[in-house]
Amino acid sequence: MPKTALLKESERIMRICNACRYCEGYCGVFPAMMQRKSFPDVDLVYLANLCHGCRACHYACQYAPPHEFDVNLPQTLAALRTQSYRDYAWPKPLARAFDRNGLVVALISVLVTTLVMLLTYVVQDAGVLFATHSGAGAFYQIMPHRVMVIPSAGIFLFALLALTIGFTRFLRDTGVRVHQLLNPRTMWRAATDAAQLKFLTGGGDGCNYPNERFSHLPRWYHHGMMYGFLLCVAATSVATFYHYGLGWEAPYPFASWPVVLGTVGGIGILVGTGGLLWLKMQSDPEPRDRQSTGMDVAFLALLLLTSLTGLLLLVARETPAMGVLLAIHFGVVLALFLALPYSKFVHAGYRFAALIKYARERRAVPGKIELSSDY
Amino acid sequence: MIDTSHIYDVLIIGGGNAALCAAITARREGATVLLLEHAPRTLRGGNSRHTRNLRYTHKQANDFLTGPYLEEEFWQDLSRVTAGKTDEALARYMIRESEDMLDWALNNGVRFQPPLSGTLSLARTNAFFLGGGKALMNAYYATAEQLGVEIEYHAQATDLRIQDARFTSAMVTQRGDACEVRANAVVVASGGFESNVSWLKQAWGDPAENFLIRGTSYNQGRMLRVLLDQGAKPVSEPDQCHAVAIDARAPRFDGGIVTRVDCVPFSIVVNKAAQRFYDEGEDIWPKRYAIWGRLVAQQPDQIAYALIDAKSQGLFMPTVFSPLQADSLRELAEKLKLDPDALENTVAAFNRSVKSDNFDPSVLDECATEDLDPPKTHWARALDTPPFYGYPLRPGITFTYLGVAVNAHAQVLMGNDEPSPNIYAAGEIMAGNILGQGYIAGIGMTIGSVFGRLAGQEAAHHAQNGAA
């Protein structure tokens, strides 16, 4: 759907929802909606990113298809979210990556990984590549440390810059001011809502994903993925400190912090992304936004591949397969870094920004309008 | 496909709250249960789909309610709106039996929410379903399926075989195929006849053509007709119903909650001759909304217009349809196809009679008109600040009260007041026993829940013990 039509449809549905309000207990979207009488575009984008896609409102909706009002809030907000990823992408020309994001992320993954493997094969002597290496610096016999660090750090810093610019612009448009980011109460609220995925609890029984039945599984899988990812970031940070701070070279022993954090994190990602992909395969098509499905699947798959290749490398690091596995894992990681600002990953920033905005709004005085209640 | 080789213990006709409460209860009592829902799965649940809360007796505040609501107060509230047109013994029985309804619903998968915004006057008396009535119905259907209740959609009961007040079988049509279903007992919970316009016309005449039906289009009253034709004792009157004034632009059926227009107390309401006809500010809106459907139904062409000015925007729930808007009363009259002179005269007379300016929307304020007929006794403020807004109103029928009489076992009373041994009724089809007229929020669900559960239990006992 073109952007203007999507905004118009979102506004139409919000008017219906705001006259109904039966879903107010499910998540933050409805209480935020109820503080508004009209829905300018920026507010719609904010509400779309506040929506966690739990679908509880859809199965509870008396106006969902086949009703003539044809209300499909999860689908519409999902489409508007993806549109906002496009709108806030930086630099602008790369926003088109969100047009066919599944394909783009898949291509990045395949091309970058293939390129790294090919280069390794061409540059490195076969005798070295397929030999068994062990002890400190073993990896660097396949690929010198600098060859790994320079491109990955470069790409990572670029990704960080692109994500930060998108996040900052989103915050600005949503109406969150810089000084509000320094308010501990607001930030604590937003952080705990994000850390618990509070709005996937659906008021107690979980979300209606992948189908009408209530389930906490999506939330637990997402936790596995999210905390797994954070543990892997921690593992990498510790390893960087070991390398530069203490002069210890990888690979590290199994009982070391980088390996323990990375292993636990990797398993978390593996289970989380695998579970989410498995749920997605069974997902009810009605509330699904088909345009966003490729994006969702591609990023989950890339993350799953990152963790899988990392764990395989760990298991096989003292065998002749290490050289090839290292090249593959390094390629996948580079692809992940490159894809970050142009993939589903961006939802983390915009969702968090929306939660910050909501943390401020929810403190507002609730309305004192008397309803007819009616039934 | 329906299994017609089998004689079920209990047949449930209907698929709303009362039907599901009956089905779940009967199944839990060990009966084999078949439930026939006329609607497809996507539109299941009758008018319960559109509901939001349950009024029930409770001795103290709990997670969902702010304070106690005891039998006597419930009874007083009910007898006030019905003006005595209720069966006191049955009503008091229902009120007492409603006490453990919340726990029962929770145990059967329904979730409630704490009273949030906009429901101040009901926060003590009515428990709100998390997600509303469709979520409630989803929970009950899931529970019923899990318990082994057989559920058939698209299945319309068309006739009942009744001999000497005893039910033997039901004729059922499903996707064009007709069959006969046998059971030892039947619970009829198939709603009122509000969607049957020709029946409404028998009671109301041609004005019924202009009524909008707020709920399911499946409530054709077929079972009500069959039972009355076979000698069941009627209760209430064909023109009694729960009717509210809703936006005239609402769909003919199933518009549900969003078509409400809550601006009446802050407006003046005129008919098509641009004349006022009732005190818009008689009481707070939650206590008055239920009379306005009937008031509009009594106006020419069953249409009315609620008019406000810029001062009153934002004092009431946002509406799903935008009001018609104009910078002058004449222009607004033209947009609403009212006589501009007549409207100006009506508004001028109203504005002249407005005295106090101590306006307060949160209480019964002092802003009353003087020397105006009909008066507006609260929140009367001059309409003088453009832009002006107009909301067209029509009667919105929620459900009809004409029904079959039942006893305290939910058994249908036949002509000579003798209860049928195995025909039970629950929900709208017997709501007239409790509601002879008027309405209080959430009582439709009290009636359906209590009598549904009762009917399911009695039917299961009958089928298992005394079926022979």
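Reader: Which element gives the most to the lining of the largest cavity?

Author: That is α12(B), with 4 residues. In this predicted model, α12 spans residues 443-464 of chain B. Other elements of chain B that each supply at least two residues of this lining include α1 (17-28), β7 (155-163) and β16 (388-400).

Reader: What makes a residue part of the lining?

Author: A lining residue has an atom within 4 Å of a point of the cavity. For the largest cavity, 42 residues are counted as lining, and those closest to its centre are Ala189(B), Ser190(B), Gly191(B), Asn219(B) and Glu428(B). The lining divides into 18 nonpolar, 21 polar and 3 charged residues. Gly191(B) is one of the residues closest to the centre, and glycine goes with the polar class because the convention used here puts it there.

Reader: Why is this space called a cavity and not a pocket?

Author: The word cavity is used because a 1.4 Å probe fits at its points but cannot get out, whereas a pocket is open. Rolling a probe the size of a water molecule over the atoms shows where empty space is left. The structure holds 6 cavities of 30 Å³ or more, and about 540 Å³ of space lies in the largest cavity.

Reader: Which residues lie nearest the centre of the second largest cavity?

Author: Five cysteines do: Cys17(A), Cys20(A), Cys23(A), Cys57(A) and Cys61(A), out of 17 lining residues. Cysteine counts as nonpolar, so these five belong to the nonpolar class. The full lining has 14 nonpolar, 2 polar and 1 charged residues. About 160 Å³ of space lies in this cavity, and α1(A) gives the most to its lining, with 3 residues.

Reader: How do you know that Arg111(B) and Asp205(A) form a salt bridge?

Author: Let us set the value against the cut-off. Their closest N and O atoms are 2.8 Å apart, and a salt bridge needs a side-chain nitrogen of Lys or Arg within 4 Å of a carboxyl oxygen of Asp or Glu, so this pair qualifies. Between chain B and chain A, the count is 4 salt bridges. There are also 20 residue pairs in polar contact between these chains. On the side of chain B that touches chain A, α5 (133-147) and β12 (241-247) each supply at least two residues, and the largest share, 4 residues, comes from α5(B).

Reader: How many residues does each chain bring to the contact?

Author: Chain B brings 52 residues and chain A brings 36. Together the two chains bury about 4000 Å², 53% of it on carbon and sulfur atoms. In chain B, the residues that lose the most area to chain A are Arg52(B), Ile257(B) and Met317(B).

Reader: What makes Glu9(A) and Arg12(A) both a polar contact and a salt bridge?

Author: Here the pair meets two cut-offs. A polar contact of 2.9 Å joins their side chains, and that value is within 3.5 Å, so the name polar contact fits. For the salt bridge, the closest N and O atoms are 2.9 Å apart; this is within 4 Å, so that name fits as well. Both residues lie in helix α1 of chain A, 3 residues apart, about one turn of the helix. Leaving aside residues up to four places away in sequence, Glu9(A) touches Met1(A), Asp70(A) and Thr76(A). Over all chains, the structure holds 37 salt bridges.

Terms used. Residues are numbered from 1 along each chain as its sequence is written. Chains are lettered from A and ligands numbered from 1 in the order in which they are written. This is a predicted model: local features need pLDDT of at least 70, side-chain atom pairs count only at pLDDT 80 or more; totals for chains, interfaces and linings use all residues. Side-chain values use heavy atoms; hydrogens and water are left out. On a 1 Å grid over the protein atoms alone, a cavity is a set of points where a 1.4 Å probe fits but cannot get out, and a pocket is an open set with protein on both sides within 12 Å along at least five of seven lines; lining residues have an atom within 4 Å of a point. Grid points are joined across faces, edges and corners, and a volume is the space filled by probe spheres set on the points. Contact means heavy atoms within 4.5 Å. Buried area is the accessible area (1.4 Å probe) that two parts lose on being put together, summed over both. A polar contact is a pair of N or O atoms within 3.5 Å; within protein, one must be able to donate a hydrogen and the other to accept it, and residues adjacent in sequence count only if both atoms are side-chain atoms.
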